[in-house]
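Me: I am new to this structure and should be grateful for a close look at a single part of it. Please begin with one residue and its salt bridge, and then place that part in its wider setting.

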Amino acid sequence: MHRPTALGGALTALATAAAGVLVAAAVATTPAAAAAGGTGTGYLHTNGNKIVDSTGATVRLTGINWFGMETDNKTFHGLWSSNPWRSQLDTMARLGYNTLRIPYSNDAIKPGATATGINDFVNPDLVGLSPLQILDKVIDYVGGKGMRVILDRHRPTSAGQSPLWYTSTVSEATWINDWKAMAQRYANNPTVIGADLHNEPHAEGTNPAATGACWGCGDTARDWRLAAERAGNAILGVQPNWLIFVEGVSCPSGGLSNVWDNDPSNDEDCGWWGGNLSKAGQFPVRLNVANRLVYSPHEYATSVYRQAWFDDPTFPANMPAIWDKYWGYLYKQNIAPIMMGEFGSTLQDPKDKIWLQNLMAYTGTGVNGMSFTYWSWNPNSGDTGGIANDDWTTINQAKQDILQPYLIPPTGGGNPSPVPTGTGSPTPNPTTPGPNPTTPAPSGGCTASYQQVNAWAGGFQGELTVKNTGTAAVNPWSTTWTWPAGVTLASGWNATVTQSGTTVTAAAPAWASSLAPGASVTVGFTANGTAANPAAVKLNGTAC
């Protein structure tokens with residue numbers, strides 16, 4: 001589903017469309033070695049209804065969608081805000097989201113595509129980069145945090161969604177070739193774990209003259225199940241380690257019921273766009289590489305469309321049977337894993353809160369539960385809002401509180417901890433002492449290195465890396481440095497960064513308070529004034 005506020009509108013089965021991928025030569029991105037824990041080790045595959053890592057350990061993907069690359073901006077929304085892109089990803093990981101689902105369109109990955117809507121003061125390192133180059137940077141950064149990435153072909157063009165995986169201007173051949181190019185681009189980077197082939201296939205036209213996506217009807221021009229096989233196998237031919245995420249349709253016939261014919265016998269039971277996998281048991285997706293298929297339904301609440309089941313007098317007790325019918329049976333019968341690719345609500349209707357609580361309980365708790373990626377991080381999704389508030393910094397605590405018990409943080413992302421719901425700075429954790437004069441110094445010292453990432457008229461961006469060379473952990477850690485007079489802090493990330501006079505202090509966040517022996521931390525910042533290297537760097541008072 002994709003409905004930014006500016007685009008708005010809710011139809012009977014809304015969702016988000018898909019988009020192809022046109023990529024030139026493969027890019028040499030640094031492989032992100034996913035750590036054991038939240039998202040496992042190495043590439044992932046399936047085993048019955050489980051997703052498992054290269055060691056066979058069960059993995060549960062508990063992620064979030066960050067959209068924008070499928071729109072006219074051709075890159076992530078919120079890059080226009082005062083919150084740097086890395087800081088937004090830091091918050092996602094801190095909250096416990098271990099996977100990032102990234103929607104995009106063909107338009108965003110065409111040669112010559114231009115990214116717009118970037119605050120060049122806050123994100124100067126993104127200025128002048130293509131949409132794919134920005135995507136590379138995001139993937140590299142989240143990989144370093146132990147997160148995984150699912151690429152979602154959301155729309156054929158930035159203009160909007162499509163019921164079929166192809167249009168008059170974007171052919172099936174383009175769709176498949178673009179996917180192969182994306183698979184090749186990230187072939188050696190296990191941060192990217194798979195392809196969500198096409199976003200929300202759905203019905204169009206009135207039965208019996210259906211023109212939309214069907215499931216199992218056998219028409220190669222409309223049968224989404226067959227198209228998913230063609231694309232999935234083509235991708236696996238390039239990158240056999242990827243998971244293939246296949247969404248459902250809305251109506252298995254591919255057409256809307258003719259409510260004017262007074263014949264209830266052909267009034268088909270339809271679900272959300274991309275949400276109806278009721279025929280997948282009878283007509284499964286067949287891939288050439290075993291243990292790569294994940295079914296990925298979408299599920300929404302009344303803020304998207306008031307389906308009849310929300311007004312059933314037995315609500316919410318009626319919902320598990322509905323979920324079972326559309327997609328849950330695939331998991332319960334051990335046929336395949338479920339990764340609910342989109343679900344969300346504004347929570348303005350009290351029923352929506354009940355719906356979300358019951359849906360999360362249905363997915364199960366702990367590592368053996370169903371995987372999911374919440375829609376969305378973005379606050380500008382017109383029918384759902386987001387986890388981020390309108391400032392792209394603080395979070396919607398009401399939503400987060402419901403999701404939190406089901407989130408499994410990425411290894412490296414730390415334990416989930418509250419972030420502010422109304423301010424721009426982290427909420428102090430009363431159980432975690434802040435840096436103070438009695439904080440232990442590193443036993444053996446520290447080293448520091450600095451990289452200037454970018455510079456512009458009146459400011460610059462840099463990264464200071466401090467390593468604990470001692471023999472004991474420093475907990476909590478704090479590093480300080482000095483700047484010449486006239487240089488002032490604009491923003492910082494990976495720590496709580498403040499300035500007093502010419503001294504800058506980067507204090508450990510609650511989610512990563514300890515710096516182990518041999519471990520390093522990189523503090524990023526933007527600053528005003530003439531570019532200058534940090535001087536007199538110290539770790540908990542010990543000079544580096």
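Is Asp-311 buried, partly exposed or exposed, and what is its relative accessible area?

Reply: In this predicted model, Asp-311 is partly exposed, with a relative accessible area of 44%. Asp-311 forms a salt bridge with Lys-351, and the closest N and O atoms of the two are 3.3 Å apart. Because Asp-311 lies in the loop between strand 10 and helix 5 while Lys-351 belongs to helix 6 (residues 350-363), the pair ties together parts that are 40 residues apart in sequence. Lys-351 is likewise partly exposed, and its relative accessible area is 22%.

The loop that holds Asp-311 has a further feature. Pro-316 is also found between strand 10 (298-300) and helix 5 (319-332), and the peptide bond that leads to Pro-316 from Phe-315 is cis, with omega near 5°. Most peptide bonds are trans, and most residues other than glycine have a negative phi. A second cis bond runs from Asn-475 to Pro-476, with omega near -5°. Pro-476 lies in the loop between strand 15 (459-468) and strand 16 (478-482).

Beyond helix 5, in the loop that leads to strand 11 (339-340), stands Asn-334. Asn-334 is not a glycine, yet its phi is positive, at about 60°. Asn-334 is partly exposed, with a relative accessible area of 45%. Lys-74 also has a positive phi, near 65°, and is found in the loop between strand 4 (62-65) and helix 1 (85-95). Lys-74, however, is buried, because its relative accessible area of 17% falls under the 20% limit for that class.

The bridge between Asp-311 and Lys-351 may now be set beside others. The count comes to 18 salt bridges. One of them joins Arg-230 to Glu-172, with the closest N and O atoms 2.8 Å apart. Arg-230 lies in helix 4 (residues 224-238) and Glu-172 in helix 3 (residues 172-185), so this pair ties together parts that are 58 residues apart in sequence. Arg-230 is partly exposed at a relative accessible area of 29%, and Glu-172 is partly exposed at 23%.

Helix 4 also contributes Glu-229 to a salt bridge. Glu-229 pairs with Arg-286, and their closest N and O atoms are 2.7 Å apart. This pair links distant parts of the chain, since Arg-286 sits in the loop between strand 8 (243-246) and strand 9 (293-295), 57 residues from Glu-229. The two partners fall into separate classes of exposure: Glu-229 counts as buried at 9% relative accessibility, whereas Arg-286 counts as partly exposed at 46%.

Salt bridges can also share partners. Through such sharing, Arg-101, Asp-152, Asp-196, Glu-247 and Glu-342 are joined into one network.

Finally, the strands offer another kind of pairing. Strands of a sheet pair through backbone hydrogen bonds, either parallel or antiparallel. Here, three strands form an open sheet in the order 1-2-3, and their pairing is antiparallel. Strand 1 (45-47) and strand 3 (58-59) stand at the edges with a single partner strand each, so one side of each is left without a neighbour in the sheet. Strand 2 (residues 50-52) is joined to strand 3 by two bridges, and Val-52 has Thr-58 of strand 3 as its bridge partner.

Terms used. Residues are numbered from 1 along each chain as its sequence is written. This is a predicted model: local features need pLDDT of at least 70, side-chain atom pairs count only at pLDDT 80 or more; totals for chains, interfaces and linings use all residues. Side-chain values use heavy atoms; hydrogens and water are left out. Two strands pair if DSSP finds at least two bridges between them. Helices (H or I, at least four residues) and strands (E, at least two) are DSSP runs, numbered from the N terminus. Buried means under 20% relative accessible area, exposed over 50%, partly exposed in between (1.4 Å probe, protein chains only). A salt bridge is a side-chain nitrogen of Lys or Arg within 4 Å of a carboxyl oxygen of Asp or Glu.
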